[in-house]
Amino acid sequence: MSEQQREELKQLIVENTPADQGIGMYTSWDTRIIQMLLQEKYGVSMSRGGITGMLRRMGLSYTRPTYTLAKADKKK
């Protein structure tokens, strides 16, 4: 991928969710979804490990999404 494509990908990941991009109902990015996006948008095939390394070099890190229950007791 070119530098411009990597920067475009980084902005897309930071500013959007997969659902915003029309990729199912997913609310967070993972390497499997990014792998599909790279193939469809750029015609680039990468392993999931390669994607993890690329994201790290871009200054991004993978964290699991956290959820807050709407009816949760805030005091607890």
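Helices, named α here, are DSSP runs of H or I with at least four residues, numbered from the N terminus.

The views show a predicted model, in which local features need pLDDT of at least 70 and side-chain atom pairs count only at pLDDT 80 or more, while totals for chains, interfaces and linings use all residues. Residues are numbered from 1 along each chain as its sequence is written, and side-chain values use heavy atoms, with hydrogens and water left out.

**View 1. D20 in the loop between α1 and α2.**
D20 belongs to the loop that runs between α1 and α2. Its relative accessible area is 51%, and D20 is therefore exposed (over 50%; buried is under 20%, and partly exposed lies in between, with a 1.4 Å probe and protein chains only). E3 precedes D20 by 17 residues along the chain, and the C-alpha atoms of the two are separated by 23 Å.

**View 2. W29 and D30, neighbours in the loop between α1 and α2.**
W29 is located in the loop between α1 and α2, and D30 lies in the loop between α1 and α2 as well. W29 is buried because its relative accessible area is 13%. D30, at 18% relative accessibility, also counts as buried. The C-alpha atom of W29 is separated by 6.4 Å from that of P18, although the two residues are 11 apart along the chain. The side chain of D30 reaches the backbone nitrogen of I33 at a distance of 2.8 Å.

**View 3. Helix α1 and its two faces.**
The 13 residues of α1 should span 18 Å at 1.5 Å a residue, and the end C-alpha atoms are 18 Å apart, so the two values agree (the expected span is 1.5 Å times one less than the number of residues). Buried residues of α1 are L9, L12 and I13. These residues cover an arc of only 95° around the axis and therefore lie on the same side of α1 (the arc is that of the directions from the helix axis to the C-beta atoms). Turned away from this buried side is a face of α1 that carries the exposed residues E3, Q4, V14 and E15.

**View 4. Helix α2 and its buried side.**
For the 12 residues of α2, the expected span at 1.5 Å a residue is 16 Å; the end C-alpha atoms are 15 Å apart, which agrees. T31, I33, I34, L37, L38 and Y42 are the buried residues of α2. They occupy an arc of only 150° around the axis, so they share the same side of α2.

**View 5. The largest pocket and its lining.**
The largest pocket has a volume of about 410 Å³ (a pocket is an open set of points on a 1 Å grid over the protein atoms alone, where a 1.4 Å probe fits, with protein on both sides within 12 Å along at least five of seven lines; lining residues have an atom within 4 Å of a point). Twenty residues line this pocket, and W29, L55, S61, Y62 and T63 lie nearest its centre. At least two lining residues come from each of α1 (3–15), α2 (31–42) and α3 (48–57). The largest share, four residues, is supplied by α3. By class, the lining comprises eight nonpolar, eight polar and four charged residues (Asp, Glu, Lys and Arg count as charged, Ala, Val, Leu, Ile, Met, Phe, Trp, Tyr, Cys and Pro as nonpolar, and the others as polar).

**View 6. The second largest pocket.**
About 170 Å³ of space lies in the second largest pocket. Its lining consists of M1, E3, R6, E7, K10, M46, M54, R57 and M58. Both α1 and α3 supply at least two of the lining residues, and α1 gives the most, with four. The lining holds five charged and four nonpolar residues, and no polar residue.

**View 7. A70 in the segment after α3.**
A70 is placed in the segment that follows α3. Its relative accessibility is 82%, so A70 counts as exposed. L55 and A70 are 15 residues apart in sequence, and their C-alpha atoms are 32 Å apart in space.

How values were computed: Points joined across faces, edges and corners; volume = space filled by probe spheres on them. Polar contact = N/O pair within 3.5 Å; in protein donor to acceptor, adjacent residues only side chain to side chain.
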